[in-house]
Amino acid sequence: MAAIPNTARVEMIEARLPPNQSRGLVGWLRANLFSGPLNSLVSIVTIVVLVRLIWPFLEWSLFDADWIGTTREDCSGEGACWVFISARFESIVYGFYPEMARWRVDIVFAMMALLIAWLAIPRLPAKRWVGLFTLVGFPVVAYFLLVGGSFGLLYVPTREWGGLMLTLTVATVGIVGSLPLGVLLALGRRSKMPLVKGVSVIFIEFWRGVPLITVLFMASVMLPLFVPSEVEFDKLLRALIGIMFFWSAYMAEVVRGGLQAIDKGQNEAGQALGLGYWRRMRLIILPQALKLVIPGIVNTFIALFKDTSLVLIIGLFDLLAIIRAGLTDTNWLGFAMEGYVFAALVFWIFCFGMSRYSQYIERRLHTGH
Amino acid sequence: MSEASAPRSDGEAMIEIQHLNKWYGDFHVLRDIDLTVKRGERIVICGPSGSGKSTLIRCINHLEAHQQGEIVVGGVHMTQDIKRIEQIRRQVGMVFQHFNLFPHLTVFENCCLAQVWVQKKPRREAEKTAMEYLERVQIADQAKKYPGQLSGGQQQRVAIARALCMRPEVMLFDEPTSALDPEMIKEVLDVMVELANEGMTMLCVTHEMGFAKTVADRVIFMDQGQIIEQAPPETFFNNPRSERTQLFLSQILGH
């Protein structure tokens, strides 16, 4: 029998850097776009198609467009005429809100931007108090400022609201309302108490099974049939509640997905330490579950934000509706392209912002390996 | 566990279990379990998988509900009442097979959380206690890290510190070394031995027979949901009376 040689390493190998694979722009292009004849062909065709598709749009919307002016006569007709937007800008932002009271909307906008920025930038202190104010104080302040009728402010009924301010109101209330409600419903659906579970399941399945348009129609047409005529519900308020319930059902299912992904050992560890149900949920389970489903939550926020434009079918003039109304202005016939492109751009900016911020938050909250 | 010379097994009963029965559906997991654990007593529970040993210790802090029988922990009778259950849980610390540290919190925060929210300790005091126990398990230098950045052995030591921070009267260990790589088992056992030497009342479900021989006052062998044999370690390992015990011992020690 041959002896198995006995080998042993005497000197250890030192750690070395990996071979350098970044070879500058040319290297990257060669490796990724032009690595072979077929790859090169595909790259060239794609680039040509992209340029041919995008260039005319850029020409129309930027290079040949008219930017300055106040009336239709300032439009050259070669490209887009953004004068249409700038001339109607006030109504696009404020709807029919009385001009003399628009400063109140500005204050609410500014406060909201400030609060969101404060919460979004990690370095700023006192997150807890600012967050509490955003959720509790700010809605009250915003309500009194926007509705008015007290503290000597002019009363502005919600039928005079419109434009971007209405879109943002609906979206903000929808987002801020549907997340906590959705979390409660998700917890309810996983509850061991049959009644709580039953109510949650029925609520979720009802609202998920009905199209949002139907919900809005019901809110505006059917609800008044069921409540006594003395009680007058504001149309916007009804739409807000409908939207909140509708999206909370979706949110509940997203959150439930996250709850199910958490190992039951987490809950047991919390129990063993003597933490009660709500503390376990708040301190242990939900922070992990919500973090897992950030993409799903933000997806729902984005869908909600875009679907706020559906309120136009019950006669509320959101951003899109007010732009559409502008198209029928006899002084400004034929600017539908500009109107819709602008509306799309505004929606896109908000939604893209949410998307990017959520990705940042995901990276920031990453603790595992 | 403050004094090293705490009273040994002759103290009063810490845990009393009488006629405990539990079913999963139709499956009878625990059958007529009677067990009394005295203050300061260290018990190792072993047995083949599925014998109900984990279920038994999980009944003690009501992670599992039982259908029949009496459990009394530190004078508190277990009922379905959540107040009583939480009263018992405050006296009982638990260490799990898979550590179950909270991955979204740092090691330090893992140790402070329940002190602040359950015991309502001021933040300062909780932090002091956390640091004290993290030092005891020799992991204080990792306090600012997240559990996901630690090795299995380190995580389990943190889990022990987290339970000790609540200053429990009893510690339950549910297979604390089973999920560990072999070279990390010792660092966890060392902590457990130290704890045992300080007089902590302990119930350990484990297959570490070396640990049982060194520290246990009593070894309990379970099979098919019942206690088959219990004896001091010398008797248990040298003269097991039941055939099942002999078979089990020959399987885990016999190579």
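# Notebook: helix packing, rings and odd backbones

I started in chain B, where the axes of helix H5 (residues 152-164) and helix H6 (residues 182-197) come within 8 Å and cross at roughly 20 degrees. That angle is under 35 degrees, so I put H5(B) down as roughly parallel to H6(B). I also looked up the hand, and H5(B) passes H6(B) in a right-handed crossing. Note to self: this is a predicted model, so everything here is read off computed coordinates.

**Helix pairs in chain A**

Next I went to chain A and took H10(A) as my reference helix. Helix H7 (residues 163-189) of chain A packs against helix H10 (residues 235-261) of chain A at an angle of about 45 degrees, and their axes are 5 Å apart. The angle makes H7(A) oblique to H10(A). H7(A) passes H10(A) in a right-handed crossing. I then checked which residue types make up this contact: 19 are nonpolar, 6 polar and 3 charged.

H10(A) has another entry in my list, with helix H8 (residues 194-208) of chain A. Here the packing angle is about 110 degrees and the axes are 8 Å apart. The range for roughly perpendicular is 65 to 115 degrees, and H8(A) and H10(A) are therefore filed under that heading. The hand of the H8(A) and H10(A) crossing came out left-handed.

**Just before H7(A)**

I stayed in chain A for the loop between helix H6 (127-147) and H7, where A:Gly162 is found. Is A:Gly162 buried or exposed? Its relative accessibility is 0%, so A:Gly162 counts as buried. I also looked at how A:Gly162 sits relative to A:Ser91: they are 71 residues apart in sequence, and their C-alpha atoms are 7.9 Å apart in space.

A:Phe151 belongs to the loop between H6 and H7 of chain A as well. I flagged A:Phe151 for its backbone, since phi is positive at about 55 degrees although the residue is not a glycine. A:Phe151 has a relative accessible area of 72%, so I wrote it down as exposed.

**Aromatic pairs**

Then rings. Searching the whole structure gave me 24 aromatic pairs over all chains. I opened A:Phe84 and A:Trp332, whose ring centres are 5.6 Å apart and whose planes are at 55 degrees, so this pair is tilted. The two rings come from distant parts of the chain, 248 residues apart: A:Phe84 is in helix H3 (residues 83-87) of chain A, and A:Trp332 is in the loop between helix H14 (319-327) and helix H15 (336-365) of chain A. Both partners went into the buried column: A:Phe84 has a relative accessible area of 2%, and A:Trp332 has 8% relative accessibility.

Next I looked at A:Trp348 and A:Phe352. Their ring centres are 4.7 Å apart and their planes are at 10 degrees, so I logged the pair as stacked. Both residues lie in helix H15 of chain A, 4 residues apart, about one turn of the helix. What did I get for exposure? A:Trp348 is partly exposed, with a relative accessible area of 49%, and A:Phe352 counts as partly exposed at 38% relative accessibility.

I also noted a cluster in chain A, in which ring pairs link A:Phe57, A:Trp60, A:Trp67 and A:Trp82.

**Charges over rings, chain B**

Back in chain B, I looked for charged ends over rings. The charged end of B:Arg162 sits over the ring of B:Phe102, 4.5 Å from the ring centre. For B:Lys213 I found the charged end over the ring of B:Phe237, 5.0 Å from the centre.

**Leftovers, chain B**

B:Glu175 also went on my phi list: its phi is near 45 degrees, a positive value in a residue other than glycine. I placed B:Glu175 in the loop between strand S7 (170-174) and H6 of chain B, where H6(B) is one of the helices I started with. At 13% relative accessibility, B:Glu175 counts as buried.

My last lookup was B:Val219, found in strand S9 (residues 218-223) of chain B. B:Val219 is buried, with a relative accessible area of 0%. I wrote down its separation from B:Leu63 too: the two are 156 residues apart along the chain, and their C-alpha atoms are separated by 23 Å.

Note on methods. Residues are numbered from 1 along each chain as its sequence is written. Chains are lettered from A and ligands numbered from 1 in the order in which they are written. This is a predicted model: local features need pLDDT of at least 70, side-chain atom pairs count only at pLDDT 80 or more; totals for chains, interfaces and linings use all residues. Side-chain values use heavy atoms; hydrogens and water are left out. Axes are lines fitted to C-alpha atoms, for helices over the stretch in contact, and angles run from 0 to 180 degrees between N-to-C directions. Helices (H or I, at least four residues) and strands (E, at least two) are DSSP runs, numbered from the N terminus. Angles under 35 degrees count as roughly parallel, over 145 as roughly antiparallel, 65 to 115 as roughly perpendicular and the rest as oblique. A crossing is left-handed if the near helix is turned anticlockwise from the far one by less than a right angle, and right-handed if clockwise. Ala, Val, Leu, Ile, Met, Phe, Trp, Tyr, Cys and Pro count as nonpolar, Asp, Glu, Lys and Arg as charged, and the others, Gly among them, as polar. Rings of Phe, Tyr and Trp (its six-membered ring) pair if their centres lie within 6.5 Å; planes under 30 degrees apart count as stacked, over 60 as edge-to-face and the rest as tilted. Buried means under 20% relative accessible area, exposed over 50%, partly exposed in between (1.4 Å probe, protein chains only). A charge sits over a ring if NZ of Lys or CZ of Arg is within 6 Å of the ring centre and within 35 degrees of the ring normal.
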